[in-house]
Amino acid sequence: QVQLVESGGGLVQAGGSLRLSCAASGRIFSTYGMAWFRQIPGNARERVAAISRYGDSTQYADFVKGRFTISRDNAMLTVDLQMNNLDPEDSAVYYCAASASGGISTTYGYWGQGTQVTVSS
């Protein structure tokens with residue numbers, strides 16, 4: 001089992017950058033595929049980016065390609081999301097998630113509590 005805690009959210013102006021970080025507990029962190037999701041109130045949760053257990057494979061939603069970068073540090077038990085050139089439409093609660101499958105998954109069984117990102121115009 002893994003527990004996840006996000007940090008790094010906040011208020012930023014359009015065009016600015018934020019770096020989200022997700023700290024995981026558990027010695028088997030390196031066996032989990034990880035991802036960042038986001039949710040706008042009233043909308044479904046959508047996957048933003050995903051990374052495989054060793055970081056050798058990543059996948060991005062079309063709406064963040066070229067702007068966001070997901071990375072992980074298995075020694076530090078963290079997975080980060082670097083967000084550049086932010087747009088007001090990126091405003092959402094961002095969640096870190098883990099999948100026991102280890103790869104780029106469609107099923108994530110472990111979730112953090114979320115961190116709010118607000119982009120002002």
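Which residue forms a salt bridge with Asp90, the closest N and O atoms being 2.7 Å apart? That residue is Arg67, and the pair is a good way into this predicted model. Arg67 belongs to a network of salt bridges that also takes in Arg38, Glu46 and Asp90. Below you will find notes on that network, on a four-stranded sheet, and on the surroundings of Thr115.

**The salt-bridge network**

- Five salt bridges are counted in the model, and a network of them links Arg38, Glu46, Arg67 and Asp90.
- Arg67 and Asp90 come from distant parts of the chain, 23 residues apart: Arg67 sits in the loop between strand E6 (58-60) and E7, whereas Asp90 sits in the loop between E8 and E9.
- Both Arg67 and Asp90 are buried.
- Asp90 also meets Arg38 in a salt bridge, with 2.9 Å from N to O.
- Because Asp90 lies in the loop between E8 and strand E9 (92-99) and Arg38 in strand E4 (residues 33-39), this pair ties together parts that are 52 residues apart in sequence.
- A salt bridge also joins Arg38 to Glu46, and here the closest N and O atoms are 2.9 Å apart.
- How do Arg38 and Glu46 fare for accessibility? Arg38 has a relative accessibility of 6%, under the 20% cut-off, so Arg38 counts as buried. Glu46 has 28%, which lies between the 20% and 50% cut-offs, so Glu46 counts as partly exposed.

**The four-stranded sheet**

- Four strands make up an open sheet in the order E1-E3-E8-E7, and their pairing is antiparallel.
- Strand E1 (4-7) and strand E7 (68-73) are the edge strands, each of them pairing on one side only.
- On average, neighbouring strands of this sheet are turned by 15° against each other, with direction ignored.
- As general background, strands of a sheet pair through backbone hydrogen bonds, either parallel or antiparallel.
- E1 and E3 run antiparallel and are joined by four bridges; in this pairing, Val5 stands opposite Ala23 in E3.
- Strand E3 (residues 18-24) also pairs with strand E8 (residues 78-83), in the antiparallel sense and over six bridges.
- Two positions help you to find your way along the E3 and E8 pairing: Cys22 stands opposite Val79 in E8, and Leu18 stands opposite Met83 in E8.

**The two faces of E3**

- In a regular strand, side chains alternate between the two faces of the sheet.
- Which residues of E3 point to one face and are buried? They are Leu18, Leu20, Cys22 and Ala24.
- Arg19, Ser21 and Ala23 point to the other face and are not buried.
- Take the cross-strand partners together with this pattern: Leu18 and Cys22, which stand opposite Met83 and Val79, are on the buried face of E3, while Ala23, opposite Val5, points to the other face.

**Around Thr115**

- Thr115 lies in strand E11 (residues 115-120).
- With a relative accessibility of 10%, under the 20% cut-off, Thr115 counts as buried.
- The Thr115 side chain reaches the backbone nitrogen of Gly9 at 3.2 Å.
- Leaving out residues up to four places away in sequence, Thr115 touches Glu6, Ser7, Gly8, Gly9, Leu20, Ala92, Val93 and Tyr94.
- One of these contacts, Leu20, is among the buried side chains of E3.

Note on methods:
Residues numbered from 1 in each chain as written. Predicted model: local features only at pLDDT ≥ 70, side-chain atom pairs only at ≥ 80, totals over all residues. Heavy atoms only, no water. Pairing = 2+ DSSP bridges. Axes fitted to C-alpha atoms, helices over the stretch in contact; angles between N-to-C directions. Salt bridge = Lys/Arg side-chain N within 4 Å of Asp/Glu carboxyl O. Buried < 20%, exposed > 50% of the residue type's maximum accessible area, 1.4 Å probe, protein only. Polar contact = N/O pair within 3.5 Å; in protein donor to acceptor, adjacent residues only side chain to side chain. Contact = heavy atoms within 4.5 Å.
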